[in-house]
Amino acid sequence: MPGVDISSSESTSSKLNPTSISDMTDSLPHFQSFAFEGQQHTSNFGYYEDHIFPLALQTKADWNPSVSETVAHIESLSKSGALFDLVQKHGGALLIRGLPIDDAETYSLIAHAFGFSAHEEVGRPPVRTVLAKNVKTANEGPPELPIWPHNEYGWSTHNPAWLTFSCLHVPQSGGATPLISSIGLAHRLQKEAPAFFAQLLRKGVRYLYRYGREQVTSTTGASVFAAYGQDVQEGDNEATIRAKIEKEVQY
């Protein structure tokens, strides 16, 4: 992951002190915190406590583990809960640098060490390519088109608890992965448009997306069959196709 670009009305990276959380990372003996351009403060998002968002950790210079050693160590941290406690305090996002990830296979092994359950995609909009176990490309859309900020899986009611990303080939320019805090977004919206925010709380939000039947190359949508057609078989009539897709949409 080459970097993270956090959209905000105010850049606070110059005010951040990575050593301010050193005492919090005592339970992570092989990692140390660092700062990078674009980090923010959780207090700006409406949190009662002030922490850096996202938490950024890198492996210490004296720790050069193999993939198996990395997996074992992360499994230990995951089971103890120490790492997840830190991530939650820092707004739910974490950037890690220095892990021995060289390809999709090693990324898959290390990602599974965190103990996440595999997510079944229902209603996925973009075209993805499977690279390894539970690892897919983020998007197969044209490189000249933007990829919008990542958040929870808003395309269906079947949402993952965590999203992980890894960059295997660092580009000469661009390639940053934008992240947005839902709590921060709601806090800012309430502050800048209180009447509209009150209407959202009262009426809710209807999310409408129109899928076409034909496969397309795009950063925002594929086709209705790619998104919800896993049970559709060749030869199904229109009524059967509609029934199968509606059932999956309701899943």
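Long-range pairs dominate the contact map of this predicted model: of the contacts in the protein chain with a separation of 6 or more, 69% join residues 24 or more positions apart. The chain runs to 251 residues, and 35% of them count as buried. About 15400 Å² of surface is exposed, with carbon and sulfur atoms supplying 51% of that area. As for secondary structure, the tally is 7 helices and 9 strands.

Helix 3 is a handy place to start looking at the packing. Spanning residues 104-112, helix 3 has six names on its buried list: Ala104, Thr106, Tyr107, Ser108, Ile110 and Ala111. These buried residues pack against three elements, namely helix 1 (67-80), strand 7 (130-132) and strand 8 (135-136). At the start of the helix, aspartate 103 puts a side-chain oxygen within 3.2 Å of the backbone nitrogen of glutamate 105.

The helix 1 side of this packing can be followed through valine 67, which belongs to helix 1. Setting aside residues up to four places away in sequence, valine 67 touches Pro100, Thr106, Leu109 and Ile110. Two of these partners, Thr106 and Ile110, are listed among the buried residues of helix 3. Valine 67 and isoleucine 110 sit 43 residues apart along the chain, yet their C-alpha atoms are separated by 7.4 Å. Valine 67 itself has a relative accessibility of 23%, so it counts as partly exposed; the cut-off for buried is under 20%.

Strands 7 and 8, the other two partners of the buried face of helix 3, are linked by a loop that holds asparagine 134. The backbone does something worth flagging here: phi of asparagine 134 is near 55 degrees, a positive value in a residue that isn't glycine.

Helices 4 and 5 make up another packed pair. Helix 4 covers residues 182-192 and helix 5 covers residues 194-203; their axes are 5 Å apart and cross at an angle of about 125 degrees. The two helices are therefore oblique to each other. On the helix 4 side, the contact involves Ala186, Leu189, Gln190, Lys191 and Glu192, and on the helix 5 side Pro194, Phe196, Phe197 and Leu200. By type, the residues of this contact split into 6 nonpolar, 1 polar and 2 charged.

The stretch around strands 3 to 5 offers some more local detail. Threonine 42 lies in the loop between strand 3 (40-41) and strand 4 (52-53). Despite the loop setting, threonine 42 has a relative accessible area of 0% and so is buried. Its contacts, leaving aside neighbours within four places in sequence, are with Tyr47, Glu49, Asp50, His51, Phe53, Lys89, His90 and Gly91.

One of those partners, phenylalanine 53, is part of strand 4. Phenylalanine 53 is also buried, because its relative accessibility is 2%. Its C-alpha lies 5.6 Å from that of glutamine 39, with the two positions 14 residues apart in sequence terms. The peptide bond that leads from phenylalanine 53 to proline 54 is cis, with omega near -10 degrees. Proline 54 falls in the loop between strand 4 and strand 5 (55-59).

A second proline gives a contrasting picture of a loop residue. Proline 143 is placed in the loop between strand 8 and strand 9 (177-178). With 80% relative accessibility, proline 143 counts as exposed. Its C-alpha is 9.4 Å from that of glycine 175, a residue 32 positions away in sequence.

Conventions: Residues are numbered from 1 along each chain as its sequence is written. This is a predicted model: local features need pLDDT of at least 70, side-chain atom pairs count only at pLDDT 80 or more; totals for chains, interfaces and linings use all residues. Side-chain values use heavy atoms; hydrogens and water are left out. Axes are lines fitted to C-alpha atoms, for helices over the stretch in contact, and angles run from 0 to 180 degrees between N-to-C directions. Helices (H or I, at least four residues) and strands (E, at least two) are DSSP runs, numbered from the N terminus. Angles under 35 degrees count as roughly parallel, over 145 as roughly antiparallel, 65 to 115 as roughly perpendicular and the rest as oblique. Contact means heavy atoms within 4.5 Å. Ala, Val, Leu, Ile, Met, Phe, Trp, Tyr, Cys and Pro count as nonpolar, Asp, Glu, Lys and Arg as charged, and the others, Gly among them, as polar. Buried means under 20% relative accessible area, exposed over 50%, partly exposed in between (1.4 Å probe, protein chains only). Accessible areas come from the Shrake-Rupley method with a 1.4 Å probe; for residues, only the protein chains shown count as cover. A polar contact is a pair of N or O atoms within 3.5 Å; within protein, one must be able to donate a hydrogen and the other to accept it, and residues adjacent in sequence count only if both atoms are side-chain atoms.
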